[in-house]
Amino acid sequence: MRECLPLCIILRNRLKYALTNKECMQICMEKCVKVDGKVRTDHNFPAGLMDVVEIDKSNDKFRLLLDTKGRFVLSRISAEEATSKLCRVTKVFLGSKGVPSLVTHDGRTIRYPDPDAKVNDTIKVDIATGKMTELIKFRLGATVMVFKGNNAGRVGTLNHIEKHDGSFDITTIRDSKGHVFSTRLQNIFILGATKSSVVLPKGKGIRKNIMEEKADAIARGDLSMK
């Protein structure tokens, strides 16, 4: 529940479609908001990472991603991109009567998946049918996003994996500007084999230092040097 954004926060604080909690409740009760293709009438419904939020009346479609400071951000997407989402595989098991199944980071259980799917891989799920359409393997050279820890929201290429028996495996990632950083293996989300399968939010997952942020603020006119 900590890794989510309630619909009332999205409608009131992010999109400014409502002024009060009561108005958020009314918007949801009128069946205006869909999350992953399903109408949600609970204004406290938790939307999580990679979820697609649709508001048909205003023709808005967003994907919930992270900015470079680890905060949830609504990334506007096209109607074509809103038909699918990426899900991280968290568990692979044999169900009752020996049915192969896998569980994803958003709680979905998919029966009879691709036999090559393993934990830490990413699958593309068709939102309308709930079926798996594509498998993106966890391997060196893949484009990844960090979704937990101090580097949450950063995007780069997976360079190296350090195995630590009895402890946390550590991955090394290099972003497109050449910055290298490390994080735990379970903190990364595969976005694509070579390039990201989803449209990234502003900044493209590259974290700026304080001086770069200051220079950008001066250029925009948000900060004066007086």
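Student: Which residues of strand β5 point one way, and which the other way?

Tutor: Val52 and Glu54 point one way, while Val53 and Ile55 point the other way. Keep in mind that this is a predicted model. In general, side chains in a regular strand alternate between the two faces of the sheet.

Student: What makes β5 and β6 a pair?

Tutor: Bridges. Two strands count as a pair if there are at least two bridges between them. β5 and β6 have four, and they run in the antiparallel sense, so they pass the cut-off of two. Glutamate 54, for example, stands opposite lysine 61 in β6.

Student: And what makes β2 and β5 a pair?

Tutor: The cut-off is again at least two bridges, and β2 (residues 33–35) and β5 have three, in the antiparallel sense. Here lysine 34 has glutamate 54 as its bridge partner in β5.

Student: How many bridges do β2 and β3 have?

Tutor: Two, again antiparallel. The cut-off says at least two, so β2 and β3 count as paired. Valine 35 stands opposite lysine 38 in β3.

Student: What is the order of strands in that open sheet?

Tutor: Five strands go β3-β2-β5-β6-β7, with antiparallel pairing.

Student: Why are β3 and β7 called edge strands?

Tutor: Look at their sides: β3 (38–39) and β7 (72–76) each pair on one side only.

Student: Which strands are in the open sheet that holds β9?

Tutor: That sheet also has five strands, in the order β10-β9-β8-β11-β12, paired antiparallel. Its edge strands are β10 (109–111) and β12 (132–136). Neighbouring strands there are turned by 40 degrees against each other on average, direction ignored.

Student: How do you know that β9 and β10 are paired?

Tutor: Count bridges again: three join β9 (residues 100–104) to β10, and pairing needs at least two. One facing couple is serine 101 and arginine 111 in β10.

Student: Why is glycine 107 counted as exposed?

Tutor: Its relative accessibility is 55%, and exposed means over 50%, so glycine 107 makes the cut. You'll find glycine 107 in the loop between β9 and β10.

Student: Is aspartate 36 buried or exposed?

Tutor: Its relative accessible area is 12%. Buried means under 20%, so aspartate 36 is buried. Aspartate 36 sits in the loop between β2 and β3.

Student: Is lysine 16 buried or exposed?

Tutor: Lysine 16 has a relative accessible area of 61%. The cut-off for exposed is over 50%, so lysine 16 is exposed. Lysine 16 is in the loop between α1 (7–14) and α2 (21–29).

Student: What is the phi of lysine 16, and what is that of aspartate 36?

Tutor: Lysine 16 has a positive phi of about 60 degrees, and aspartate 36 has a positive one of about 55 degrees. Most residues other than glycine have a negative phi. Neither lysine 16 nor aspartate 36 is a glycine.

Student: How many aromatic pairs are in the whole structure?

Tutor: A search finds one. The centres of the rings of phenylalanine 147 and phenylalanine 189 are 6.2 Å apart, and rings pair if their centres lie within 6.5 Å, so these two count as a pair.

Student: Why is that pair called edge-to-face?

Tutor: The ring planes are at 85 degrees, and planes over 60 degrees apart count as edge-to-face, so the name fits. Phenylalanine 147 is in the loop between β13 (143–146) and β14 (155–162), and phenylalanine 189 is in strand β17 (residues 188–192), so the pair ties together parts that are 42 residues apart in sequence. Both phenylalanine 147 and phenylalanine 189 are buried.

Student: What sits over the ring of phenylalanine 93?

Tutor: The charged end of lysine 91, at 5.0 Å from the ring centre. The distance cut-off is within 6 Å. Arginine 184 lies over the face of phenylalanine 168, at 3.5 Å from the ring centre.

Student: Which residues lie nearest the centre of the largest pocket?

Tutor: Gly48, Leu49, Asp51, His105 and Asp106, out of a lining of 30 residues. The largest pocket holds about 730 Å³ of space.

Notes. Residues are numbered from 1 along each chain as its sequence is written. This is a predicted model: local features need pLDDT of at least 70, side-chain atom pairs count only at pLDDT 80 or more; totals for chains, interfaces and linings use all residues. Side-chain values use heavy atoms; hydrogens and water are left out. Rings of Phe, Tyr and Trp (its six-membered ring) pair if their centres lie within 6.5 Å; planes under 30 degrees apart count as stacked, over 60 as edge-to-face and the rest as tilted. Buried means under 20% relative accessible area, exposed over 50%, partly exposed in between (1.4 Å probe, protein chains only). A charge sits over a ring if NZ of Lys or CZ of Arg is within 6 Å of the ring centre and within 35 degrees of the ring normal. Axes are lines fitted to C-alpha atoms, for helices over the stretch in contact, and angles run from 0 to 180 degrees between N-to-C directions. On a 1 Å grid over the protein atoms alone, a cavity is a set of points where a 1.4 Å probe fits but cannot get out, and a pocket is an open set with protein on both sides within 12 Å along at least five of seven lines; lining residues have an atom within 4 Å of a point. Grid points are joined across faces, edges and corners, and a volume is the space filled by probe spheres set on the points.
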